[in-house]
Amino acid sequence: MHSGDDISPETVSAIRVKADTVVATDVGTTVWDAYGQSVPSGSSTTIEFQNVEIDQRSQWSSSNYTIEVTEPGNYLVSGGIFLRDQPSSGTNHWFTVRRNGNVGVAQAFAEGPNDWQLQASRPVLDVDSGDSFHLEVEQYEGSPLRIGGSRVSTYLSVVQL
């Protein structure tokens, strides 16, 4: 039970701390809003986010739609998409958050008309300054699908732990 006195780093000591959750710092970048962007069938499409929710270190590049980390460390990488158009039965759609253009660090997959909304999060360790992250969507509908959603359903977030 807390006594009500302030606790400072000088008064707290621990050999091991067990936690049920991971808490991110408030240092990171979150972007959203790609409403109406078309995703053609059969090729990867980088999501062109239009709004910046938070970007304390000026890591967002609106010219290539990437978050480029300016400080090395461990990060929580999260992403999500919401499809404005309903996928057809028997078709596949997914997104991948990529590190440095090629390495997939988080992914979500669905088939058919279920799961119009996909989300994934993953801690990424040992991120170097200059590493970049972007979100790609791929689908095999036979015709384009459009991105929909709001800031809580279509987004990319990279936050230092």
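Two strands count as paired if DSSP finds at least two bridges between them, and strands themselves are DSSP runs of E, at least two residues long, numbered from the N terminus. Keep that in mind as you click around.

Before you start: this is a predicted model, where local features need pLDDT of at least 70, side-chain atom pairs count only at pLDDT 80 or more, and totals for chains, interfaces and linings use all residues. Residues are numbered from 1 along each chain as its sequence is written, and side-chain values use heavy atoms, with hydrogens and water left out.

**Stop one: strand 11.** Select residues 132–139. Of the 8 residues here, 8 are buried, so the strand is largely enclosed by the rest of the structure. (Buried means under 20% relative accessible area, exposed over 50%, partly exposed in between, using a 1.4 Å probe and protein chains only.) Turn on side chains: Ser132, His134, Glu136 and Glu138 point one way, while Phe133, Leu135, Val137 and Gln139 point the other.

**Stop two: its partners.** Add residues 66–68, which are strand 6; 2 bridges join this strand to strand 11, and the two run antiparallel. Look for Ile67, whose bridge partner in strand 11 is Phe133. Now bring in strand 3 (residues 45–46), also antiparallel to strand 11 over 2 bridges, with Thr46 opposite Glu136. Strand 8 is joined to strand 11 by 7 bridges, again antiparallel, and here Trp94 stands opposite Glu138.

**Stop three: strand 8 and its hairpin.** Extend the selection to strand 9 (residues 103–111), which pairs with strand 8 in the antiparallel sense over 8 bridges. Val97 has Ala106 as its bridge partner in strand 9. The hairpin has 3 residues between the strands, and Asn100 takes a positive phi near 55° there.

**Stop four: salt bridges.** The whole structure has 4 of them, each a side-chain nitrogen of Lys or Arg within 4 Å of a carboxyl oxygen of Asp or Glu. Begin with Arg99 and Asp131, whose side chains meet at 2.7 Å, N to O. Arg99 lies in strand 8 and Asp131 in the loop between strand 10 and strand 11, so the pair ties together parts that are 32 residues apart in sequence. Are these two buried or exposed? Both Arg99 and Asp131 are buried.

Next, select Arg151 and Glu53, with their closest N and O atoms 3.4 Å apart. This pair links distant parts of the chain, 98 residues apart. Arg151 is partly exposed, at 47% relative accessible area, and so is Glu53, at 40%.

Technical notes
Helices (H or I, at least four residues) and strands (E, at least two) are DSSP runs, numbered from the N terminus.
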